[in-house]
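Let's look at some words used for proteins and ask what stands behind each one. Have the picture ready and follow along!

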Amino acid sequence: MAPDINSYGHSFRDYDVESERQKSAKRMREIYVTMDKAEMGIWECCELLNEVVDDSDPDLDEAQIQHLLQSAEAIRKDYPDQDWLHLTALIHDLGKILLLPRFGALPQWAVVGDTFPLGCAFDESNIHHKYFKNNPDYQCPAYNTKNEIYTEGCGLQNVMMSWGHDEYMYLVAKKNGSTLPSAGLFIIRFHSFYPLHKEGAYTHLMNEEDVKDLKWLEVFNKYDLYSKSKVLVDVEKVKSYYMSLIEKYFPAKLRW
């Protein structure tokens, strides 16, 4: 069941001009866009992620870094020339550090799981859609049309998404000047946006660049979901390769 309050004690029950869900998402961005929680490199964060347990992923019994490396190595094998995609696979879940005390100890429901747009009607393809009826936005006429606060083809970069680990890692990459191509940033931000890349919902909000980037997200998704294995990656054997990619696309130290 959806909680009545978020982790900061703010109620979701009342709304006026602006959606409370939007306000909550904006508050989270305001809290985390300051990037004042830590300073560390990408690989250090990969190792830190081993402290995280994702309750939404029942298929993952191994350390989180194994999922990252298994995804990255599987893509590397099939797409050897797309080094940015290898690195994107490695870092796509780093935003889950939000579950750790150092980064706010947010509850699981606020970090993992599917994401969806705010400020327009909730599409029926959203998982557990029947529970969206308990969301005040569902009953508000101002947010019950297909486009509502957006215009068709506005581009997903202009869409307010529900808060989660995807959005946080996207902000970290952007604020720290990552040189990953747009498709890499698109994958990081929208890999939990299953209504889009699994069900084909919300495509009316996409622009031409989104359409191109979505093709890479669909490629990535197969490896994210189906590369988990009991055969572990030798971390030390592949570390130097991924460190070279980190150096290519990110600064040595990032603010988180």
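Q: How far apart are the mean positions of the positive and negative charges of the protein chain?
A: They are 1 Å apart, for 28 positive and 40 negative charges. Here Lys and Arg count as positive and Asp and Glu as negative, while His and the chain ends are left out. Each charge is placed at NZ of Lys, CZ of Arg, CG of Asp or CD of Glu. This is a predicted model, where local features need pLDDT of at least 70, side-chain atom pairs count only at pLDDT 80 or more, and totals for chains, interfaces and linings use all residues. Residues are numbered from 1 along each chain as its sequence is written, and side-chain values use heavy atoms, without hydrogens and water.

Q: What makes Trp84 and Trp216 an aromatic pair, and why is it called edge-to-face?
A: Rings of Phe, Tyr and Trp (its six-membered ring) pair if their centres lie within 6.5 Å; planes under 30 degrees apart are stacked, over 60 edge-to-face and the rest tilted. Trp84 and Trp216 have 5.2 Å centre to centre and 80° between the planes, so they fit the edge-to-face definition.

Q: Why is Trp84 called buried?
A: Buried means under 20% relative accessible area, exposed over 50% and partly exposed in between (1.4 Å probe, protein chains only). Trp84 has 9%, so it counts as buried.

Q: What about Trp216: why is it called partly exposed?
A: Its relative accessible area is 25%, which lies between the two cut-offs, so the middle label applies.
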